[in-house]
Amino acid sequence: MTQNRFWNFLCDVEAAVVLFLFILSFSVTFTLNFRPLYYMDIELLEIEERSGIPKEEIKENYDVLIDYNSMFNDGELSFPTLAMSETGKIHFEEVKDIFTGFQKMAVVTAILGVVAVFENRKNRPKRYLKYTGVVTILIPALLGAAMAVNWDKAFVIFHKIAFDNDYWIFDAKTDPVITILPDTFFLHCAAMIIGLVMAGSVLCFVLYAISRRKLQEPEGLTKKVLEKNE
């Protein structure tokens, strides 16, 4: 009995870790590829006016950048109308490595998640959903607090952690792409990622509550009694 409970706990933890990584990597991947967010910011942040670059040209260069960051794209980055320095090229290569890692993680954890859910299909209630919800909600809470206190400082700290050089500090003269990628756009991206992660956490809690409710039904109560007598 005790051994079975311990094994179930380990399976729940394993499933929770996999689902947490999937929710996080999916949120990042979805946000990266959600181009309407940037298209909206072109107007909202007055990027066309501030950069002096026509809207269609801005979208064209942005689309090339997003296509470049796909894990299915092995080509080199070349902006249609914008110059790029050697250090700028290196930085975007490093960014691509990060985004590619998240995309691959999303695929792998999606597969492992299906396996984990299948392995835990007989366990009630689905405690791994509760564990996932608890762990996942910590991410938006911590990031949201950091953003609320000082977004600019949080933005700088992230870059210092993610990169071992200062190539992310662009000069508009040599890398004019920075004029169409304002910091506020990245704030909106971070907010979207946090929102998606929170939605994943809420969904896990809802599904866990449903599994508990089913346990209270006559069939579920009978099964619970039988499990206690094993």
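The questions and answers below introduce a predicted model, beginning with the whole chain and then turning to single residues.

Visitor: How many helices and how many strands does the chain have?
Guide: Read along the sequence of this predicted model, the chain follows the pattern α-α-α-α-α-α-α-α. In that pattern every element is written as α, and the count for the chain is accordingly eight helices and zero strands.

Visitor: What radius of gyration does the chain have, set against a compact globule of 230 residues?
Guide: The C-alpha atoms of the chain fill a box of roughly 75 × 30 × 30 Å, taken along the principal axes. For a compact globule of 230 residues the radius of gyration would be near 17 Å, but for the chain the value is 22 Å.

Visitor: What share of the contacts with a separation of 6 or more comes from residues 24 or more positions apart?
Guide: An example of residues distant in sequence is alanine 15 of helix α1, which touches Ala116, Asn120, Tyr128 and Thr132. For the chain, among contacts with a separation of 6 or more, the share from residues 24 or more positions apart is 79%.

Visitor: Is serine 25 buried or exposed?
Guide: Serine 25 lies in helix α1, which covers residues 2-33, and beyond its sequence neighbours up to four places away it touches Phe102, Met105, Ala106 and Thr109. Because its relative accessibility is 0% and the cut-off for buried is under 20%, serine 25 counts as buried.

Visitor: Which residue has its backbone nitrogen 3.4 Å from a polar atom of the side chain of serine 25?
Guide: Setting aside residues up to four places away in sequence, those touched by serine 25 include Phe102, Met105 and Thr109. The backbone nitrogen that lies 3.4 Å from a polar atom of the serine 25 side chain, however, belongs to alanine 106.

Visitor: Where does glutamate 46 lie, and what is its phi?
Guide: Glutamate 46 is in the loop between α2 (35-44) and α3 (47-51), and with a relative accessible area of 40% it is partly exposed. Most residues other than glycine have a negative phi. Glutamate 46, although it is not a glycine, has a positive phi of about 55 degrees.

Visitor: Which residues does threonine 100 touch, not counting residues up to four places away in sequence?
Guide: Threonine 100 has its place in helix α5, residues 86-119. Its relative accessible area is 12%, so threonine 100 is buried. Once residues up to four places away in sequence are left out, the residues that threonine 100 touches are Asn69 and Met71.

Visitor: How far apart in space are alanine 15 and valine 134?
Guide: Alanine 15 lies in helix α1, and at 1% relative accessibility it counts as buried. In sequence, alanine 15 and valine 134 are 119 residues apart, whereas in space, C-alpha to C-alpha, their separation is 13 Å.

Visitor: How far apart in space are leucine 203 and glutamate 49?
Guide: Leucine 203 is found in helix α7, residues 183-215, where it is partly exposed with a relative accessible area of 48%. Leucine 203 and glutamate 49 are 154 residues apart in sequence, and their C-alpha to C-alpha distance in space is 41 Å.

Visitor: How far apart lie the centres of the positive and negative side chains?
Guide: The accessible surface of the chain comes to about 13,700 Å², of which 64% belongs to carbon and sulfur atoms. As for charge, the chain has 23 positive and 29 negative side chains, and the distance between the centres of the two sets is 17 Å.

Key. Residues are numbered from 1 along each chain as its sequence is written. This is a predicted model: local features need pLDDT of at least 70, side-chain atom pairs count only at pLDDT 80 or more; totals for chains, interfaces and linings use all residues. Side-chain values use heavy atoms; hydrogens and water are left out. Helices (H or I, at least four residues) and strands (E, at least two) are DSSP runs, numbered from the N terminus. Buried means under 20% relative accessible area, exposed over 50%, partly exposed in between (1.4 Å probe, protein chains only). A polar contact is a pair of N or O atoms within 3.5 Å; within protein, one must be able to donate a hydrogen and the other to accept it, and residues adjacent in sequence count only if both atoms are side-chain atoms. Contact means heavy atoms within 4.5 Å. The radius of gyration is taken over C-alpha atoms; the globule rule is 2.2 Å times the number of residues to the power 0.38. Accessible areas come from the Shrake-Rupley method with a 1.4 Å probe; for residues, only the protein chains shown count as cover. Lys and Arg count as positive and Asp and Glu as negative; His and the chain ends are not counted. The place of a charge is taken as NZ of Lys, CZ of Arg, CG of Asp or CD of Glu.
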